[in-house]
Amino acid sequence: MEQLGAGDALLLVDVQHDFLPGGALAVPQGDRVLAPLSRAVAAFAAQGLPIFASRDWHPSNHCSFHAQGGPWPPHCVAGTRGAEFALTLPPSAIVISKATRPEEEAYSAFAGTKLEQRLREAGVRRLFVGGLATDYCVRATVRDALAAGFEVVLLTDAVAAVDSEDGARALEEMRRLGARLIDAASAFA
């Protein structure tokens with residue numbers, strides 16, 4: 001069991017319907033993150049610790065979409081079912097919307113948001129991270145969290161990659177940069 005306390009927070013990265021199997025930009029086996037993340041949410045909520053959830057919240061003409069010359073199909077368009085969270089969050093969860101303007105791309109939950117400010121206001125020093133996708137938004141978020149001076153604990157059974165080889169490289173990079181890698185299943189049993 002992981003000992004949680006003051007200064008700890010949970011960050012769920014982009015756990016949205018469009019990134020799950022059947023979604024517009026599905027991560028293979030992305031739904032496997034739901035059970036371990038739900039356990040983590042319950043553990044943090046039980047101790048009254050902060051829970052943050054980032055989400056892509058794109059306008060319909062977002063620069064990352066094929067129609068605008070971007071690399072991705074339309075996904076996580078603000079207000080659609082695909083953009084909704086795929087797990088239940090407590091009312092106290094703080095939602096961080098990213099890439100909300102047509103010309104604004106953001107993989108990291110820190111990019112163009114007030115996440116760092118909100119974490120500091122909450123007294124967060126250690127950030128537990130899980131979500132989608134390991135090789136894109138999770139990696140970018142962990143990089144930025146470490147660069148900002150937060151201790152990062154990556155929940156390895158609560159992330160899934162678009163590409164398994166890229167995902168393995170991303171895990172190794174995050175570990176090398178200073179993230180601690182643990183399983184949510186054992187940490188929040």
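Me: I'd like to start with the loop: where is A133 placed?

Reply: A133 belongs to the loop between β4 and α3. Those names come from DSSP runs numbered from the N terminus, with helices (H or I) of at least four residues and strands (E) of at least two. This is a predicted model, so local features need pLDDT of at least 70, side-chain atom pairs count only at pLDDT 80 or more, and totals for chains, interfaces and linings use all residues. Residues are numbered from 1 along each chain as its sequence is written, and side-chain values use heavy atoms, leaving out hydrogens and water.

Me: Which residue is joined to A133 by a cis peptide bond, and what is omega there?

Reply: The partner is L132, and omega for that cis bond is about -15 degrees.

Me: And which phi does Q29 have?

Reply: Q29 has a positive phi, about 60 degrees, although it is not a glycine. You will find Q29 in the loop between β1 and α1 (34–46).

Me: How do I read a salt bridge, and how many are there?

Reply: Look for a side-chain nitrogen of Lys or Arg within 4 Å of a carboxyl oxygen of Asp or Glu. That rule gives 13 salt bridges in this model. One of them pairs the side chains of E2 and R126, at 3.1 Å from N to O. E2 is in the segment before β1 (8–13) and R126 is in strand β4 (residues 126–132), so this pair ties together parts 124 residues apart in sequence.

Me: How are α3 and α4 oriented?

Reply: Fit axes to C-alpha atoms over the stretch in contact, and take the angle between N-to-C directions, from 0 to 180 degrees. Helix α3 (residues 134–147) packs on helix α4 (residues 164–177) at about 5 degrees, with the axes 10 Å apart. That makes the two helices roughly parallel (angles under 35 degrees).

Me: Which residues make that contact?

Reply: Contact means heavy atoms within 4.5 Å. From α3 come T134, D135, V138, R139, V142, R143 and L146; from α4 come D166, G167, A170, L171, E173, M174 and L177. By class, this contact has seven nonpolar, two polar and five charged residues (Asp, Glu, Lys and Arg are charged; Ala, Val, Leu, Ile, Met, Phe, Trp, Tyr, Cys and Pro nonpolar; the others, Gly among them, polar).

Me: What does L89 touch?

Reply: Leaving aside residues up to four places away in sequence, L89 touches L12 and A53. L89 lies in the loop between β2 (51–56) and β3 (94–98). Its C-alpha is 9.2 Å from that of A42, 47 residues apart along the chain.

Technical notes
Angles under 35 degrees count as roughly parallel, over 145 as roughly antiparallel, 65 to 115 as roughly perpendicular and the rest as oblique.
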